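Hello,

Here is the structure we talked about. Please open it beside this email and follow along.

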Amino acid sequence: MIAATRDDGLGGRLLAMVNAKALADATGHRFGFTWKRAVSDKTFHIVDTVDNIFNPDFIEKHWLGEKIRETNLAVLKKNKFTRASLNASARRSYFRGWLCNDFNVLESFRDNGKPLATSETIRTIGFAESVQHALRTAESCHFPGQMVGLHLRSGDIVRGKYRSMLNFNGKVIPSTLAKAIIAELASQGMATLLVGQDRATLDYLRSQTGALLTDDFGANEFEDQTLRAFFEMALLARCQRIYAGSSVFASVASVMGGSPHIKATKLFSPPRAAQLMLGELAQNHADYHPREAAFGYLSAFLAIEDEISPVRAREILGKGYALDPENDVYALKIVASYFREKDYAAGEAILKSRMTAQFEARPKVPLPMLLALSRKTVHGHAMGKDFASYFAAARAGHPYATACSAHILHDGFGELKPALEMIARSQAAEPANALFRTIRRYIRPIATRESSPLLKARLRLWKAGIRI
């Protein structure tokens, strides 16, 4: 069996299902999927029950329930494999099948030397009649001419909890870049269909650019938000090109229609995009929601971070920070800019103020800002280029920078002994500091599902007070 078990947003679930089913169909294995209604953030994600998404026959044949024991399944990762290697692995192992949740896993599958296509697979998924109606309605819409789709994802990455996690920024084209994109596409003779999550932003951009919205094609017919999402996905699929970040919603639309999914960098280089966003914000930042504007400043900064001075970095970051003062990323990056200039006192003062306030509000670790600091991505650590600056401040004897460095070593790299030595220096500087004591207790061997039995045993002993 090849199973899709993701429980995130609608797009993520569908893409995992399409990948798993395409692979199962190609190799002759059974396809299965789990589907539960709950999502981690109901403010920005709406997922209906399985019986409202799929038809009864499809559910009876393929649904595994809301959740299954994943320990009985191997995990398909991005290592080259073929039909023969999967079958050989199944014969040698005692497991029920494979989990297929990695969006890019099919890039590693080869059958007769060819990559596996998924455009036809999505048509074999048995959607419920209400979903089919939404898809058919989108297919019957008349476009006024050559149309390009622009997906402006917002939600939890721009306005919610993920906005302090830099590993998600690439999923979003900033709304502050949209005017420039629409103008560039218009110069190529293309009209733009805007698809996004924030109605006020979409209405504003339409009023400024003349771009079309899904409402112009009947999206308001669908009061149910899940059905509206399917309609918009299918409408986006009919566009000749789809410009989006690494949005899964746009990826599913691309699979549906076979339209290329293109990054905005194909239109503008990062420095040019930064220039356009900063210019738009200088003139019209008040027209955007504060967090949309803040995201624009952050995106512009990240595009030119390696090319600007620490002073210029603080100028850009400070504007975003003023609009979104609860976002830890601005503080951490501003601190790093001071540390690069060896102005350790200024950076340390920011760390002390923010870390102390977070610990007093919730006396547990890891603090939210420490999680943001050590966050990992598929390409490495989200703030990895700043680690050297934090380590330098720690060597200079600043206890809060030292505590941050201990967290980087522990949570970021799993280095137990260096992390303990680092936090011991913070404690030596301020023996009565309750935050440092709590961080010291938190540092222990890290074991994950993939960890060896020896490491897992070591963690159990560590929790029991036995140090080995």
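**The sheet**

Ala3 has Gly32 of strand 2 as its bridge partner. Keep in mind that this is a predicted model. That bridge is a good place to start looking.

Strand 1 covers residues 2-4. It pairs with strand 2 in the parallel sense, over 3 bridges. Now zoom out to the whole sheet. It is open and has 4 strands, in the order 2-1-4-3. The pairing is parallel.

Which strands sit at the edges? They are strand 2 (31-33) and strand 3 (73-75). Each of these edge strands pairs on one side only. On average, neighbouring strands in this sheet are turned by 35° against each other, with direction ignored.

A helix also packs on this sheet. It is helix 1, residues 10-27. Helix 1 touches strand 1 and strand 2. Its direction makes about 170° with that of strand 1.

**Helix 7 and helix 8**

Next, find helix 7 (residues 178-187) and helix 8 (residues 199-209). Their axes come within 11 Å. They cross at roughly 40°. Are the two helices parallel or oblique to each other? That angle makes helix 7 oblique to helix 8. The crossing is right-handed.

Who makes the contact? From helix 7 come Ala178, Lys179 and Ile182. From helix 8 come Tyr204, Leu205, Gln208 and Thr209. Sorted by class, this contact has 4 nonpolar, 2 polar and 1 charged residues.

**Helix 17 and helix 18**

Now go further along the chain, to helix 17 (residues 387-395) and helix 18 (residues 399-413). Here the axes come within 8 Å and cross at roughly 135°. Helix 17 and helix 18 are therefore oblique to each other. The cut-off to know is that angles over 145 degrees count as roughly antiparallel. This crossing is left-handed.

Helix 17 brings Phe387, Tyr390, Phe391, Ala393 and Ala394 to the contact. Helix 18 brings Ala401, Thr402, Cys404, Ser405, Ile408, Leu409 and Phe413. How many charged residues does the contact of helix 17 with helix 18 have? It has none; the classes are 10 nonpolar and 2 polar.

**To look at on screen**

Start with the pair Ala3 and Gly32. Then trace the strand order 2-1-4-3. After that, compare the two helix pairs: right-handed for helix 7 and helix 8, left-handed for helix 17 and helix 18.

Best wishes

Key. Residues are numbered from 1 along each chain as its sequence is written. This is a predicted model: local features need pLDDT of at least 70, side-chain atom pairs count only at pLDDT 80 or more; totals for chains, interfaces and linings use all residues. Side-chain values use heavy atoms; hydrogens and water are left out. Axes are lines fitted to C-alpha atoms, for helices over the stretch in contact, and angles run from 0 to 180 degrees between N-to-C directions. Angles under 35 degrees count as roughly parallel, over 145 as roughly antiparallel, 65 to 115 as roughly perpendicular and the rest as oblique. A crossing is left-handed if the near helix is turned anticlockwise from the far one by less than a right angle, and right-handed if clockwise. Contact means heavy atoms within 4.5 Å. Ala, Val, Leu, Ile, Met, Phe, Trp, Tyr, Cys and Pro count as nonpolar, Asp, Glu, Lys and Arg as charged, and the others, Gly among them, as polar. Two strands pair if DSSP finds at least two bridges between them.
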